[in-house]
Structures are given as structure tokens and as C-alpha cells.
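This report covers helix packing, a sheet, aromatic contacts and one backbone angle. The sequence and structure come before the details.

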Amino acid sequence: MIYSRMAVIGCGLIGSSVIRAARAAGTVGSVAVGDASEAHRAEIEALGYADLVTGDLAEAVADADLVVFAVPVLAMGPAAATVAAALKPGATVTDVGSVKVGVAESLRAALPASVYLVPGHPIAGTEQSGPAAGFAELFRGRWVILTPEADDRSAYRDAVNRLSDFWIALGAQVDIMDAAHHDLVLAVTSHLPHLIAYNIVGTAADMEEVTRAEVMKYSAGGFRDFTRIAASDPTMWRDVFLANRDAVLEVLGRFTEDLQALSRAIRWGEGDKLFDLFTRTRDIRRGIVAAGQESAEPNFGRDRAASGGGPKP
Ligand code: NAP
């Protein structure tokens, strides 16, 4: 056992997966859940993974030596402010938010100095949301990025190492990274692809010459994959783009220039340029497959269709 009591604030896809995985690995003695949604609280109670399920977030964190914030990124700071006075001194506080600089700032501003803040982000998930979509194997073989504060006290280093051990026990691999670098990397690998998916599905839906029925009927593989990504939770993704604005805009600028170059190559019949790019991109795909990261949900023998999950964008 790594923590005697874990509190999870926000128990949807990611929060409920943390609870399931921690229970399965035996890394926590007891589990408390604080969630704003009455319907989700009822689902979590029914799942039977938590010892306490409450809408009172301060009650949830009392006595916890690990507190995991798993709410949408713009809700992290307000949720932390709600629980600040109830946190146990010496507790480790972490989060699973998809953006790190803004979330870390809002958490730090709300939390007392007596707790160790170690922001984190599991690079694992699906386009589903809510507690029923979670599963214990979600983090297996996936990376978790921790972005610790600049704090060289040995007690803080111990807190980082302990949290690392926790994620490793859940089957993940852990990387330590600077928060700003995390936000730039994820802007390229996750945030921009989602923006493109939302945009292309919106464009198809708005094209007057193509009916909605035709979009559904003739949706070929590429478009189908975009619709899956574009079905991701609107609240979560609105918050991601607002919280990671600078990095997303920087990457979007690069992307737009490259798209212009492609458009020019098509206009002028420069097939070699298209061929060269498509060859390079195919190599990247092969590298991802070789690294074992091609599917978000490795097949661990579960019937994913039955549990409502799907591959991660
Ligand atoms: P989710 O399934 O929608 O779960 C979020 C839960 O938090 C919901 O039960 C929600 O209730 C509750 N909640 C929202 N605001 C709250 C508040 N102020 N106080 C208490 N509870 C609150 O979302 P998720 O996909 O698990 O995402 C959670 C976090 O993980 C986000 O920060 C996201 O960036 C990060 N993340 C997501 C993925 C992914 O693939 N989904 C991957 C990695 C990291 P309501 O439904 O009533 O709002």
C-alpha cells in the first residue's frame, strides 16, 4: 500500500479509472470521492469502489494523504479553493489535467503551503466521459507526465517519488517534465488533432451542397475517425483550449503555414512534395506502432464494446 487514504475530486472517466486501478493494485487503503454530479455519485456508489462518496468536497479530502483532482481543467482551482482548509498537512495533492502551466498555477494559488503539490497528466483516455466509462487497465503501458514544482526539499522529492511509485503500480510509466514543455508537446500531439477533428466535422455539417444524410452514409474511414475524436467531451475540451491558448495558437500557426504549402503543392501539381511528406508521415506512424502506443486501449482481454469504451484519439 502506498497511500492509506486517497481522495478523488471529480470521478468521471479518469477519476473512476484511477480508483479502479488503485483498488486492483492494492495501492490505497481507503478511497473517498467528492463529485459535484449527483448522478455520477450514485453511479460510483453502485460500483462499490469507494468508502465515502459525497458532494461535499472538503469532507472527501479530510484525512487523505493523496488527493487527486480529476475535474475539467478550469474547475481545478475553484475545487482546490473549496477543499484547501480541510487538507491534511503533509498530504500530496496532484491532478490529471490535460494542461499543466495554468492548472498548476491555479492549484498553487488555492492550496496551503503545508501540502506537496505534484501536478500530473496521464496520457491515457477515451472520448467517453463519466464514471461508467472508466476501467482499471486504462493506464497500463501508458505514460504519466509529472511536472513537479521547483522545490528541492527532500520531503518534496519523497512526495514526487511516492506519486511516481503509485502510477507505476497502476501499470504506467512516468516521465518528469517542465510544465511549459508539456503544454507545447500536448498541443501538437493531442490538442491540435482535436481542434482539427472538431473543425472538419463542423465544416462537413455546414456544407450546404452535402446533406447530413450523405455525410453519414458515405463517411469513409478518415472522416469516421474524425467524428469519433469530435465526440469528445465539450466541457473538457473547451477548457483545454482556453487553458492552453498560447501553445495551441503557436502550433496552429505552424500548422496553417504547412497547410498553405500543401495547398500550393496540390495547385501546382508538385506530386513529389506530396509523396515526400506522405512517406515521412508514414514513418512516424510506424514509429508509434513500434513503441507500442498505436492503440489507446491495449487489449487486456476485456470486452471494450460491452463496457462502452473506444480507442483514444
Ligand atoms: P469527466 O468524465 O467529465 O469527469 C469529470 C467529473 O468531474 C464529472 O463527474 C463532473 O461532474 C465532475 N466535476 C466537474 N466539475 C466539478 C467540480 N467543480 N467539483 C466536483 N466535481 C466536478 O471528465 P474526464 O474525462 O474524466 O476528465 C477529467 C480530467 O482529466 C480533465 O481535467 C481532463 O483534462 C483530464 N484528462 C482527460 C482525458 C480524457 O481522455 N478524457 C485524458 C487525460 C486527462 P459533471 O459531469 O456534473 O460536470
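Helices α7 and α11 lie roughly perpendicular to each other, because their angle falls in the class of 65 to 115 degrees; under 35 degrees would count as roughly parallel, over 145 as roughly antiparallel, and the rest as oblique. Helix α7 covers residues 179-206 and helix α11 residues 245-267; they pack at about 65 degrees, with axes 9 Å apart. Axes are lines fitted to C-alpha atoms, for helices over the stretch in contact, and angles run from 0 to 180 degrees between N-to-C directions. The crossing of α7 and α11 is right-handed, meaning that the near helix is turned clockwise from the far one by less than a right angle.

The model is predicted: local features need pLDDT of at least 70, side-chain atom pairs count only at pLDDT 80 or more, and totals for chains, interfaces and linings use all residues. Residues are numbered from 1 along each chain as its sequence is written, and side-chain values use heavy atoms, with hydrogens and water left out. Helices (H or I, at least four residues) and strands (E, at least two) are DSSP runs numbered from the N terminus.

An open sheet of three strands has the order β7-β8-β9 and mixed pairing, where two strands pair if DSSP finds at least two bridges between them. Its edge strands are β7 (120-122) and β9 (173-176), each paired on one side only. From one strand to the next, the twist averages 20 degrees. The two pairings are set out below.

| Strands | Sense | Bridges | Bridge partners |
|---|---|---|---|
| β7 and β8 (residues 143-146) | antiparallel | three | P122 and V144 |
| β8 and β9 | parallel | four | V144 and V174 |

Helix α6 (residues 154-169) joins β8 and β9 in a right-handed β-α-β unit: with the strands pointing away from the viewer, the path from the first strand over the helix to the second runs clockwise.

Rings of Phe, Tyr and Trp (its six-membered ring) pair if their centres lie within 6.5 Å; planes under 30 degrees apart are stacked, over 60 edge-to-face and the rest tilted. By this rule there are five aromatic pairs. One of them, F166 with W167, is edge-to-face at 5.8 Å centre to centre and 75 degrees between the planes. Both F166 and W167 are buried, and they form one aromatic cluster with Y3 and F139.

D63 sits in the loop between α3 (57-61) and β4 (66-69). Its phi is near 75 degrees, a positive value in a residue other than glycine. Most residues other than glycine have a negative phi. D63 is exposed, because its relative accessibility is 54% (buried is under 20%, exposed over 50%, partly exposed in between; 1.4 Å probe, protein chains only).
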